[in-house]
Amino acid sequence: MSFINKPKVAHPALPTNALGLTRRQYEGSMSTLCAGCGHDSVTAAIIEACWGLDMRPEQLVKLSGIGCSSKTTSYFVSGAHGFNSVHGRMPSIASGANAANRELTYVGVSGDGDSLSIGLGQLVHAIRRNVNMLYVIENNGVYGLTKGQFSASADVGTKAKRGDVNHSPPIDPVLLALSLGATFVARGFSGDKAQLVPLIQAGMRHRGFAIIDVLSPCVTFNDHEGSTKSYVFTREHYHAAMEADFVPHAEPIAVDYPQGESIPVELHDGSRVVLRKLGASYDPTDAAAAYKFIEGKLTQNEYVTGLIHINEAANTEFHTLNKSSAMPLNRIPYEKLSPGRAALEKLMGRYR
Amino acid sequence: MPNLVNAPDRVNDFVVKFANVNGTGSASANSLIMKAIFRMGVPVTGKNYFPSNIQGLPTWYEIRVTRDAYAARAGRVDIMVAMNAETYQRDVREVASGGYLIYDATWPRSVVLQRADITVIGVPLAKLVNESFDGVRNRILLKNIAYAGALAALLNVDLEIVNGLLTESYGKKPKLLDSNTKALRLGYDYAKQHLGCPLPLRVERMDKTSGHIMIDGNTAAGLGCVYAGATVGAWYPITPSTSLMDAFKGFCERYRVDPATGERNFAVIQAEDELAAIGMVVGASWNGARAFTPTSGPGISLMNEFVGLAYYAEVPCVIFDVQRVGPSTGMPTRTQQSDIMLCAYASHGDTRHVLLFPANPEECFYMAVQAFDLAERLQTPVFVLSDLDIGMNDWMCRDLQWDDAYRPDRGKVLSAEELAGLDKFYRYVDRDDDAISYRTLPGVSPKGAYFTRGSGHNQYGTYTEDSAEYQVVLDRLRRKFTTAAKYVPKPELLGKGGNEVAIVSIGSCDGAVREAIDVLARKKIQVDYLRIKAFPFGLEVESFLSAHATIFIVEQNRDAQLRSLLTLETAVEKAKLHSILSYSGLPMTCQPIVDGICGVLADAPRLSAIKR
């Protein structure tokens, strides 16, 4: 970690977004993670994504569980409320918070330990419930804060720093999410910010549960030879199948995309993701095909990255199914919530 | 004509117990009788003893007809309606001497004729019903209505009232109404023609139920949540709390759906487990909604982790613990007050929580509202400790009242304007010297942003591992609990206050205690009674304890948990607290209280309380 506090003054020439805010104004407190940690790159990508979306800082709600990754929510957008909850239970906090106010943008940051072991139950049920949030898993295959035990995403045959070999099969968050009918499933790599930023932006704007599994190497406990989650291994084995460009709804699509190789997907708020195919026959709207493709690649130790699956047409988001009022539940005036004295007097007749 | 054993004339003061098979539709017949008696102006209580089962196991329902309006279980059975062959033996045994047993005489039952001190009344129910109706399921259901008819005749229950109730239930289904009315009449006419109606134990009209309702505590608590303005309910199904959320949802569907758009001003989330249920409540409350979860002991065990977070991060939340018999899975369909200590100190580390103890469904309604006000005022979890007896049984209560001037106490929440006027917002600073700090909601202003955490934090809301900074926050939380004592409901005092002997109790013991006090008064034993309504205990509890020399603590658990809490949290001398405990799983009766007090006083004859 660094012990230098960030200077508060920003250079006047720094570019600003539509709100007149610089990227610096989307930063948070100083990271206390190890120098070179992949998670800090994800933090930088989230900052870039929020700045690029012209998001009011207070519009964002940051949620996390416990672990290295969960600490990072304090390292971005200090103007947003954050909730560092308990280990593995961030999805329930997010579900409740989202139920109370459907208007805010919810970003959960978790790790492979927090999401795939202690919090697996909550993760899968948040997916099933289709809570409108972006859920980022910073996946490094180990427990960092407790000094390098394998997590449930550790690959078979991968070696721990002290030499132990993992024999239990991994849980892959992407396959898991696809099997549960998630409507936005992506994978990124902390070392590929250009790919990650539009994925985060699209995930934030997707109506429903958006999950991004970000391969994010642990420099301290899982960056050695024999590890399948090291920087070297990941760089050699990640495979960008689908690049995504995020186009805010105000902007025209500026880039020329070759016919047949791009798929524009309109998000519910009018913005678009334009998917650029890197593999010829890949169709990210077909969940079953995506599952088969990803699973096949995993058996070859290939991590396919990009927007793996999107189903923007699904009308299964929590509030949609609940028929919640358009006004957030936490803002409905009490007068509309209480049936009042006369109704109670009438109701008493039922119990006589 | 059966040979009636001479029984005392006990008008409006007896107990009818129904022995049924679970899942045969007997509940509606039993409540039909109870409600008819209630409508005759006669106070009643209903207690349901049901198995943790869907169909096939024995189940009992008990109606106490009580002209003195006692709320407790009587502890005796005067009339047994024995409809379950499997339990005949024990059902026969349970009838008090001089009582009655009614059975289906379609088939000979030699076993029911074993007691000479009771009157056995046979009604050929199956025969009557089978001659008039088709269909196996139909016949089973209508047999229940037929015994209700016979009982109406035997007990002198007004048949027109029973018919009226049937019309209310089946008014829109003429076929069902017709068959039910007919079945009722079959039983009624048979009894009138063949049996000596009415029995000496019978109902006569009174005027003691007007302005009252029959309601269960879970329904009342669910309704209270609606009136409190709760918008988010998260839960995991668990007996005996499930009907609380069912009630909330039902009322919301009635009162909280926009008729024009179909938009709903509420969200009920069935969580994957209790860990998630409380997490959702914490998340929703943190985000400014009034949110709650109903559960029971096993759920509280699972919720401990989040309760600690909510305590330390100071997030309001409301938890209804409809207590059942523990430990572990225990007896899910039996009642107890055995989660007192669990809730008072839930979660690891130094934690203490606000508890409310409703004594009946009426208080469940009002305390539900109070719980939200307290949770938001104090920014902390509040537990409402009901139990299965209160939650699932029908109690006679005064009509629930509502003052339209009520507005929720949302506590110290800063608006965007208020934030704009501050130099800087700090989450955990004690600005008002009452140990309650100000909070902000997400989405309101970047100036109000803070990082909520269960890890060590200082009063400015930032992470700390500094001992002094940590202690500032922890010490304020201790002071906040002192503040809480000023806000929670005061205990209820019964008696002149000058007696040497006293009873202290909580929750659903109240009915039994009040009845015991009447019994003791007839024995010339005068006692003062303090019913504690909340934890932390206030000054009233402290001074009551110090003013009495001999105090009986009445509660429904094995380990005297209320007594323990009193000795831990007040200055009371432990030796003067005598425990009277009931932990059978059945609702408490007055007998152990009377026996317990008389027993101790007999051992200490010099006690001036015994005024002969």
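These exercises, with worked solutions, cover a predicted model with chains A and B.

**Exercise 1. Describe the side of chain B that touches chain A.**

Step 1: Count the residues. On chain B, 56 residues are in contact with 49 residues of chain A.

Step 2: Find the elements. β7 (212-215), α7 (217-228), β8 (232-235), β9 (267-270), α9 (274-286), α10 (297-313) and β15 (451-453) of chain B each supply at least two residues of this side. α9(B) gives the largest share, 9 residues.

Step 3: Sort by class. This side of chain B has 31 nonpolar, 13 polar and 12 charged residues.

**Exercise 2. Find the strand of chain A that pairs with β15(B), and the sense of the pairing.**

Step 1: Go to residues 81-84 of chain A, which form strand β2. This strand and β15(B) pair in the parallel sense over 3 bridges.

Step 2: Pick out one bridge. G82(A) has F451(B) as its partner in β15(B).

**Exercise 3. Work out the order of the 5-strand open sheet in chain B, then place the helices on it.**

Step 1: Read the order. It is β16-β18-β17-β20-β21 in chain B, with mixed pairing.

Step 2: Locate the edges. They are β16 (492-494) and β21 (577-581) of chain B, each of which pairs on one side only.

Step 3: Check the turn. On average, neighbouring strands are turned by 20° against each other, direction ignored.

Step 4: Look at one pair. Strand β20 (residues 550-555) of chain B pairs with β21(B) in the parallel sense, over 5 bridges. Here V554(B) stands opposite I580(B).

Step 5: Add helix α18 (residues 561-569) of chain B. This helix packs on the sheet and touches β17 (501-506), β20 and β21 of chain B. Its direction makes about 130° with that of β20(B).

Step 6: Add helix α19 (residues 591-603) of chain B. This helix lies across β20 and β21 of chain B and runs at about 150° to β21(B).

**Exercise 4. Locate P327(B) and P536(B), and identify the peptide bond before each.**

Step 1: P327(B) is in the loop between β11 (317-323) and α11 (340-344) of chain B. A cis peptide bond joins G326(B) to P327(B), with omega about -5°.

Step 2: P536(B) is in the loop between β19 (534-535) and α17 (539-547) of chain B. Its bond to F535(B) is also cis, with omega about 10°.

**Exercise 5. Is N301(A) buried or exposed?**

Step 1: Find N301(A) in the loop between α9 (287-299) and β12 (303-310) of chain A. Its phi is positive, about 65°, although N301(A) is not a glycine.

Step 2: Apply the cut-off. N301(A) counts as exposed because it has 12 C-beta neighbours inside 10 Å, and 12 or fewer means exposed.

Methods
Residues are numbered from 1 along each chain as its sequence is written. Chains are lettered from A and ligands numbered from 1 in the order in which they are written. This is a predicted model: local features need pLDDT of at least 70, side-chain atom pairs count only at pLDDT 80 or more; totals for chains, interfaces and linings use all residues. Two residues are in contact if their C-beta atoms, placed from the backbone, lie within 7 Å. Helices (H or I, at least four residues) and strands (E, at least two) are DSSP runs, numbered from the N terminus. Ala, Val, Leu, Ile, Met, Phe, Trp, Tyr, Cys and Pro count as nonpolar, Asp, Glu, Lys and Arg as charged, and the others, Gly among them, as polar. Two strands pair if DSSP finds at least two bridges between them. Axes are lines fitted to C-alpha atoms, for helices over the stretch in contact, and angles run from 0 to 180 degrees between N-to-C directions. A residue is buried if 20 or more other C-beta atoms lie within 10 Å of its own, exposed if 12 or fewer, and partly exposed in between; C-beta atoms are placed from the backbone.
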